[in-house]
Amino acid sequence: MSALRIVLFDGECHFCDASVQFIIKRNPTAQFVFASLQSDKGKELLSRYNIPDIDSFVLIEEGHCFVKSTAALRIAKRLKGLWPLTYCFIIVPPAIRNIFYGFVAKNRYKWFGKKEVCELPSPEVRKRFL
């Protein structure tokens, strides 16, 4: 069995929620579990891994934390389809990759809106949330 990977995400962001649903659909082996940054579990994990208040996807994998574009690329590497090919962008320095990531992150509420209520996932999907 493969190691469990934890994805922390902005639970108030429509784009972030859609990204979580995207990951779930393309990772049938359920290697990823999820928690919102705003949840008690999310806050506990941020504290445990000494991650400052961050406005980013966070991937916790094998005791290491990855944020922003590095987290996104490491997640994509584990998805089915052609998504693992995007991991080749890991050779681009993070400072350059994160310019694009930061632009989308900065504008995500304006472009996609904020969630007022959370949808209840199916029991099968609910098991993948901490």
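**View 1. Strands β1 and β3 run antiparallel, side by side.** In this predicted model, strand β3 covers residues 58-61 and pairs with β1 over four bridges. To find your way around the pairing, look for Ile6, which stands opposite Ile60 in β3.

**View 2. Strand β1 is covered on both faces.** β1 takes in residues 5-9, and five of its five residues are buried. On one side sit Arg5, Val7 and Phe9, while Ile6 and Leu8 sit on the other.

**View 3. β1 also pairs with β2, here in the parallel sense.** Strand β2 spans residues 32-36, and five bridges link it with β1. Val7 is a handy landmark, since it stands opposite Phe34 in β2. How does the chain get from β1 to β2? It goes by way of helix α1, residues 14-25, in a right-handed β-α-β crossover.

**View 4. β3 and β4 make a hairpin.** Strand β4, residues 64-67, pairs with β3 in the antiparallel sense, again with four bridges. Two of the matched positions are easy to pick out: Val58 stands opposite Val67, and the bridge partner of Leu59 is Phe66. Two residues lie between the strands, and Glu62 takes a positive phi near 50° in this hairpin.

**View 5. Put together, the four strands form an open sheet.** Read across it and the order is β2-β1-β3-β4, with mixed pairing. Which strands are at the edges? They are β2 and β4, each of which pairs on one side only. On average, neighbouring strands of the sheet are turned by 20° against each other, direction ignored.

**View 6. Two helices pack on the sheet.** Helix α1 touches β1 and β2, and its direction makes about 165° with that of β2. Helix α2, residues 40-48, touches β1, β2 and β3. The direction of α2 makes about 110° with that of β1.

**View 7. A look at two cysteines, Cys65 and Cys88.** A disulfide is a covalent bond between the sulfur atoms of two cysteines. How many disulfides does the model have? Counting sulfur pairs within 2.5 Å, the answer is zero. Are these cysteines buried or exposed? Neither quite fits: Cys65 counts as partly exposed because its relative accessibility is 28%, and Cys88 counts as partly exposed too, at 46%. Both labels follow from the cut-offs, because buried means under 20% and exposed means over 50%.

Note on methods. Residues numbered from 1 in each chain as written. Predicted model: local features only at pLDDT ≥ 70, side-chain atom pairs only at ≥ 80, totals over all residues. Heavy atoms only, no water. Buried < 20%, exposed > 50% of the residue type's maximum accessible area, 1.4 Å probe, protein only. Pairing = 2+ DSSP bridges. Right-handed = clockwise from strand over helix to strand, strands pointing away. Axes fitted to C-alpha atoms, helices over the stretch in contact; angles between N-to-C directions. Contact = heavy atoms within 4.5 Å.
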